[in-house]
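Colleague: Please pick one part of this model and go through it closely. What does it consist of, and what lies around it?

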There are 2 protein chains.
Amino acid sequence: MTTHATPVRNVLCLAGSLRRDSWNRRLLRAAVTQAPATLHLAVYEELPAVPLFDEDVEQSEPTGPAGVQALRKAIARADGLIIATPEYNHAIPGVLKNALDWLSRESPQGEVLLEKPVAVLGASSGPWGTRLAQASVRQVLHTCGALVMPTPTLFMANAGARFDPDGMLTDPAATQSLQRFMQAFWHWMERVAPAAGEPQAAAAVLP
Amino acid sequence: MTTHATPVRNVLCLAGSLRRDSWNRRLLRAAVTQAPATLHLAVYEELPAVPLFDEDVEQSEPTGPAGVQALRKAIARADGLIIATPEYNHAIPGVLKNALDWLSRESPQGEVLLEKPVAVLGASSGPWGTRLAQASVRQVLHTCGALVMPTPTLFMANAGARFDPDGMLTDPAATQSLQRFMQAFWHWMERVAPAAGEPQAAAAVLP
């Protein structure tokens, strides 16, 4: 009898704003502690090192700024990416879009979002749970050729009532939603993982 | 007989990317030279000095970083704003969204986009003329309470064929479109300018 070990998937977690104690960073920290045994999560903390995108810099320095290289390598190494986004002006935060703009480019590390499984969620102190921002982020990720998990969605509203003063997630229903979200992402990664010997993805844009 | 002098309006022009020779920067430079006598245009060149938005920085430094203050003051001084945007990943460039995120915040210079007349246009080397990016930019500007000129639109496609090697706009039809766009913006600014003694705008978001 052959036993098949359940593969453990490595997931990089990225918060879409720079604020150290943002709800979305707290949500990702909760995800790390609540992750199922099949997932190993790590929160990326070096987004402040990703500078403003500049095509002139890209031309003069094809490997990209150090902060961009580091993020590209971290994503390339991971089996999947979870993005927790705040909502700025009913849309994707500029900081996050700027990072995705860098990541969408060809580079010595490749186009690291192409064919990468990605899940998007978000938390806000208000009543809407970053619904519009998540829609923006998903649209951009699709454009980058990422494999975006379609469901379930997780829109955490009224985040202030769900964390304790130390930033720990204490709301049982939200904790359960987060656990189910991660289980679903593990299944999504299994489902879309390339089969052995499968050819590389075709060009993302057809003429 | 009383004569009424036609007022000259000052307009700040902002390109949505950092590339020095971007099509959109060239388009704005062409606008400066093609502006009607009723408009005085100036291209803002200090966007690289606007750092990544960070709420922690905003908390510790309520006046904002120097680069943000400078942009806020330039917009506050101007009667209107023209934004020429490239398109990154079918959407607003992160660099531009980041600047708008800063500008959307309350500050010692006020919320400088609130009630500000703004026109959006864009140029691309490809066939679409930044249509999706312009839609994103308009949506964000509406959220910021700006007075966005609804028509005419200007989607400059195939920009490479419309400028000479020195970056001067040489295409007659595109030049005419640009002139008509600016004339329309002057009328838009006249139309939405607050009447003398008119109360300030109400709060942008009702409870």
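Modeller: What follows takes one helix of chain A, then the loop before it.

This is a predicted model, in which local features need pLDDT of at least 70 and side-chain atom pairs pLDDT 80 or more, while totals for chains, interfaces and linings use all residues. Residues are numbered from 1 along each chain as written, chains are lettered from A and ligands numbered from 1 in written order, and side-chain values use heavy atoms, without hydrogens or water.

Helix H5 of chain A covers residues 131-143 (helices are DSSP runs of H or I, at least four residues; strands are runs of E, at least two; both are numbered from the N terminus). H5(A) has 13 residues, and 19 Å separate its first C-alpha from its last. That is close to the 18 Å expected at 1.5 Å a residue (1.5 Å times one less than the number of residues).

The buried residues of H5(A) are Ala133(A), Gln134(A), Ser136(A), Val137(A), Arg138(A), Val140(A) and Leu141(A) (buried: under 20% relative accessible area, 1.4 Å probe, protein chains only). In chain A, these residues pack against strands E3 (80-84), E4 (117-123), E5 (147-148) and E6 (155-156), and against helix H4 (94-103) (contact: heavy atoms within 4.5 Å).

After H5(A) comes Gly145(A), with a positive phi near 80°.

On the other side, the loop between E4 and H5 of chain A holds Thr130(A). Thr130(A) counts as buried because its relative accessibility is 1%. Leaving aside residues up to four places away in sequence, Thr130(A) touches Thr85(A), Pro86(A), Glu87(A), Gly122(A), Ala123(A), Ser124(A) and Phe155(A).

Key: Buried means under 20% relative accessible area, exposed over 50%, partly exposed in between (1.4 Å probe, protein chains only).
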